[in-house]
Amino acid sequence: MRRDQLEHAIRTACQILGHPTVIVVGSQSILGTFDEQRLPAAATMSLEIDILPIATSDEETARLADLLEGIAGEWSDFHEMHGFSIDGVDLETAILPAGWRERLVAVQNLNTAAIGGAPQFTGLCLDKEDLCVAKLCAYREKDLEFVGALADAGFVDLRVVESRLREVPDASAGRAAQALRWVASRG
């Protein structure tokens, strides 16, 4: 995935939801910090963008996520036309450390605006180390490869990731402990 595709997804998601801002929580939120030309290939392979709608209740968030999925999700006309899809998600999708909302990275430019330049839409992407916490807590093979590729290329600081793994909610302490063992194994 490319940065311009992330921006396109932000614009499209905001237009579908009728809201000026969305949160990008999946692996492609790394494109909020770095463009695809700098990143290792393993960090940009996904062809879906996980979007968390901003809403006043969990029920409304789930409803809006379903709306996104129906219009721009996998196998939709949007997916067929653009070659990538938008996956609507809720807060249960990612395990994140305390303070993650204060570290979000804003993406807003002409490509995230409607035709004619207004309104401007904003995508708030996870901070790179918060993203790695979420991926390590998910602990799928592809997530470990993603974080390993970013760490090996020097794009994330595993000491910061390690510190933030100690700040996930207590209910996720077991997943964080597993992730901490993986970080320790990398020396």
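**Exercise 1. The largest pocket**

Work out how much space lies in the largest pocket of this predicted model, and describe its lining.

*Solution.* Start with the volume: the largest pocket holds about 490 Å³ of space. Next, turn to the residues around that space. The lining is made up of 24 residues, and those nearest the centre are Ser 27, Ser 46, Lys 135, Arg 140 and Lys 142. Now assign the lining to secondary structure. Strand 2 (48–53), helix 4 (128–138) and helix 5 (141–152) are the elements that each give two or more residues. Helix 4 supplies the largest share, with four residues. Finally, sort by class: eleven lining residues are nonpolar, six are polar and seven are charged.

**Exercise 2. The largest cavity**

Find how many cavities of 30 Å³ or more the whole structure has, and list the residues that line the largest cavity.

*Solution.* A search of the whole structure gives one cavity of 30 Å³ or more. For the largest cavity, the space comes to about 40 Å³. Its lining consists of Val 25, Leu 52, Asp 90, Leu 91, Thr 93, Ala 94 and Leu 96. By class, five of these residues are nonpolar, one is polar and one is charged.

**Exercise 3. Aromatic pairs**

Count the aromatic pairs, then give the geometry of the pair formed by Phe 34 and Phe 155 and say which parts of the chain that pair ties together.

*Solution.* A pair of aromatic rings is described by the distance of the centres and the angle of the planes. The count is two aromatic pairs. In one of them, Phe 34 and Phe 155 have ring centres 4.7 Å apart and planes at 70 degrees, an edge-to-face arrangement. To place the partners, note that Phe 34 lies in the loop between strand 1 (21–24) and strand 2, while Phe 155 lies in the loop between helix 5 and helix 6 (158–165), so the pair ties together parts 121 residues apart in sequence. Both Phe 34 and Phe 155 are buried.

Phe 78 and Phe 84 make an edge-to-face pair too, at 5.4 Å centre to centre and with 90 degrees between the planes. For burial, compare each value with the cut-off of under 20% relative accessible area. Phe 78 has 11% and therefore counts as buried; Phe 84 has 1% and therefore counts as buried.

**Exercise 4. A charge over a ring**

Which residue lies over the face of Phe 146, and at what distance from the ring centre?

*Solution.* The residue is Lys 135, at 5.5 Å from the ring centre of Phe 146. Lys 135 appeared in Exercise 1 as one of the residues nearest the centre of the largest pocket.

**Exercise 5. Salt bridges**

How many salt bridges does the structure hold? Look in turn at Glu 7 with Arg 3, Asp 152 with Arg 186, and Glu 162 with Arg 166.

*Solution.* The structure holds twelve salt bridges. In the bridge between Glu 7 and Arg 3, the closest N and O atoms are 2.9 Å apart. These two residues are four apart in helix 1 (residues 3–17), so about one helical turn separates them. Glu 7 is buried at 7% relative accessible area, whereas Arg 3 is partly exposed at 23%.

Asp 152 and Arg 186 meet at 2.3 Å, N to O. Asp 152 lies in helix 5 and Arg 186 in the segment after helix 7 (173–185), so this bridge ties together parts 34 residues apart in sequence. Asp 152 is exposed at 60%, and Arg 186 is partly exposed at 34%.

For Glu 162 and Arg 166, the closest N and O atoms lie 3.5 Å apart. Glu 162 is partly exposed at 28%, while Arg 166 is exposed at 58%. To finish, salt bridges link Arg 103, Asp 127, Asp 130 and Arg 164 in a network.

**Exercise 6. Backbone exceptions**

Locate the cis peptide bond between Ala 118 and Pro 119, and describe the phi values of Trp 75 and Tyr 139.

*Solution.* Most residues other than glycine have a negative phi, and most peptide bonds are trans. The bond joining Ala 118 and Pro 119 is cis, with omega about 0 degrees. Pro 119 sits in the loop between strand 4 (105–107) and strand 5 (122–125).

Trp 75 has a positive phi near 70 degrees. Its place is the loop between helix 2 (58–72) and helix 3 (77–82), and Trp 75 is exposed at 74% relative accessible area. Tyr 139 also has a positive phi, about 60 degrees. Tyr 139 lies in the loop between helix 4 and helix 5 and is partly exposed at 28%.

Notes
Residues are numbered from 1 along each chain as its sequence is written. This is a predicted model: local features need pLDDT of at least 70, side-chain atom pairs count only at pLDDT 80 or more; totals for chains, interfaces and linings use all residues. Side-chain values use heavy atoms; hydrogens and water are left out. On a 1 Å grid over the protein atoms alone, a cavity is a set of points where a 1.4 Å probe fits but cannot get out, and a pocket is an open set with protein on both sides within 12 Å along at least five of seven lines; lining residues have an atom within 4 Å of a point. Grid points are joined across faces, edges and corners, and a volume is the space filled by probe spheres set on the points. Ala, Val, Leu, Ile, Met, Phe, Trp, Tyr, Cys and Pro count as nonpolar, Asp, Glu, Lys and Arg as charged, and the others, Gly among them, as polar. Rings of Phe, Tyr and Trp (its six-membered ring) pair if their centres lie within 6.5 Å; planes under 30 degrees apart count as stacked, over 60 as edge-to-face and the rest as tilted. Buried means under 20% relative accessible area, exposed over 50%, partly exposed in between (1.4 Å probe, protein chains only). A charge sits over a ring if NZ of Lys or CZ of Arg is within 6 Å of the ring centre and within 35 degrees of the ring normal. A salt bridge is a side-chain nitrogen of Lys or Arg within 4 Å of a carboxyl oxygen of Asp or Glu.
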